[in-house]
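Colleague: Could you take me through one part of this model in some detail? I would like a close look at the place where the two chains meet.

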Amino acid sequence: MLSRKQFTLYTHKTGVNGWKVALLLEELGLYGKTELKYLEVDDNKNEVKASPHIDLNPNGRIPTLVDHSNNDFVIWESCAILLYLVEKYDKGGGFTVSDHNEKYKQLQWLFFQASGQGPYFGQISHFLFAHPVIVPTAVQRYQDEIKRVIGVLECVMSEQEWLVAGKFTIVDIALFPWHDAAIQYYLPPGTYDLAKEAPHVNAWYKMMLERPSVKRGWGQRDVFLQESPFKEGLAAAHQRVAEAAHEK
Amino acid sequence: MPSDKRFTLYTHKLGPNGWKVSMLLEELGLSNETDVKFLEFDKKEHKQAPHIELNPNGRIPTLVDHGNDDFAVWESDAILLYLVEKYDKDGKFALPDANDKFLQLQWLFFQASGQGPYFGQGNHFLFSHPAVLPTAVKRYQDEAQRVINVLESVLSKQEWLVGGKFGITDIALFPWHDIALKVLFSPGSYNPEKEAPHVHAWYKRVSERPAIKKVWDE
């Protein structure tokens, strides 16, 4: 199917990883050149695991980017997409780094996000909402890991303002969405005070929330979240886990 | 502490992610230039000085390049990319096509986000979790099969994932795949030759490479 825009981005309204790419497209001024396809997943259908998406991305997970100005080149994995976009379309290097060592520090932090933040934070979502039984020790495991990961970031940010190259980069874009989800939704309400536990991470987080791209893009996700049953179900999910833990 | 070798590699005797780096060092002929420090997890050496000062995340592997002002880099896949960029003099792992470089990143992130952590959670719930949670174990075993099926869907159409040849993507995927077959799936429950024949052929090809055989057998 022909698209008149430069990119097609297969994504999801509330799925966290797709928004990383949306935020960068906004920062690069490419959001208007992107056709967004919000794939739907519910009890009756799973467009992420069906054609046409699965033909482009055999892993069947969003986001997937198609660059029509590069022979319809297809790339998936959100962090790989971030790297692709800055390499090809961030000619001024505003969101990436050129120094050789910093380039590898950037990769290091992106892999940290992809392997150590996203998947672990995502498991909480699964065990809170989707697991067939309530398993409080599993939820606890991943909540503890959220705090550990924030602790790692705090350790570094207490000594330097930015993780890489002394400036805002795609590393910050990559880390922000799951961090926000964790702080807002995944820890039991009232049990974790970011400002007290990790003041430097908190300062970084507040700065990120003020960026225009984040306000617009992440703000849009919040609208989608309001339209979904997510927030209603959240308090009940935490309550169920707490009750199950208490029973043991 | 200064080392007279070019690299210091902080790693672990069993941790699969460290072995990825050891395999690449062997493929690049750099094993002899590496001072390998096996950290003991039960003594929490990975979470203490000197390791924690180099890597605040406190997870292996961590590479220090004394030939580059003691530059420290962690995250196994980032280390693989670093070593190839700086030390692959013969271009064994080079990818001349720019698009292939991005597909390589894509598969490395697939490994780092979708294979390693999920297979690792399976091992955690099998061996280390304070409670026995069969539904959690099953979740990760099922996901391991799904991941292998993703690889099968691609390898059934092409011999290698990237660039038409063996590369760091294969090194990155190999250790956890081996662990899934030997440890994660309950004995007799998964027949790789039947379920994913092209992945199995890939697995055999990789494990027969002299460098891989030498390191993995250790």
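Modeller: Happy to; what follows is a walk across the contact between chain A and chain B, with a short look at two other spots afterwards. Please keep in mind that this is a predicted model.

Let's begin with the extent of the contact. On the chain A side 45 residues take part, and they touch 44 residues of chain B. Putting the two chains together buries about 4,000 Å², and carbon and sulfur atoms account for 62% of that area. If you want to find the residues of chain A that lose the most area to chain B, go to A:Y104, A:Q108 and A:F111. Together these three make up 17% of what the chain A side buries.

Next, the polar side of the story. Between chain A and chain B there are 23 residue pairs in polar contact, counting pairs with both residues at pLDDT 80 or more. The elements of chain A that each supply at least two residues to the side touching chain B are β4 (73–76), α3 (78–89), α4 (100–130) and α5 (136–157). Of these, α4(A) gives the largest share, with 18 residues. Sorted by kind, the residues on this side of chain A are 26 nonpolar, 10 polar and 9 charged.

Now to charge pairing. Side chains of opposite charge can pair when their charged atoms come close. Between chain A and chain B the count is 1 salt bridge. Its partners are A:K103 and B:E85, whose side chains meet with N and O 3.4 Å apart.

Over all chains, the count comes to 20 salt bridges. One of them lies within chain A, where A:R216 pairs with A:E26 and the closest N and O atoms are 2.6 Å apart. This pair ties together distant parts of the chain: A:R216 sits in helix α9 (residues 212–227) and A:E26 in helix α1 (residues 16–27), 190 residues apart.

Finally, a sheet in chain B that you can trace on screen. Its 4 strands run in the order β2-β1-β3-β4, forming an open sheet with mixed pairing. The edges are β2 (34–38) and β4 (71–74) of chain B, each pairing on one side only. On average, neighbouring strands here are turned by 15° against each other, direction ignored. Strand β3 (residues 62–65) of chain B pairs with β4(B) in the antiparallel sense over 4 bridges. To see that pairing at the residue level, look for B:L63, which stands opposite B:V73 in β4(B).

Notes
Residues numbered from 1 in each chain as written. Chains lettered and ligands numbered in written order. Predicted model: local features only at pLDDT ≥ 70, side-chain atom pairs only at ≥ 80, totals over all residues. Heavy atoms only, no water. Pairing = 2+ DSSP bridges. Axes fitted to C-alpha atoms, helices over the stretch in contact; angles between N-to-C directions. Contact = heavy atoms within 4.5 Å. Buried area = accessible area lost by both parts, 1.4 Å probe. Salt bridge = Lys/Arg side-chain N within 4 Å of Asp/Glu carboxyl O. Polar contact = N/O pair within 3.5 Å; in protein donor to acceptor, adjacent residues only side chain to side chain. Nonpolar A, V, L, I, M, F, W, Y, C, P; charged D, E, K, R; others polar.
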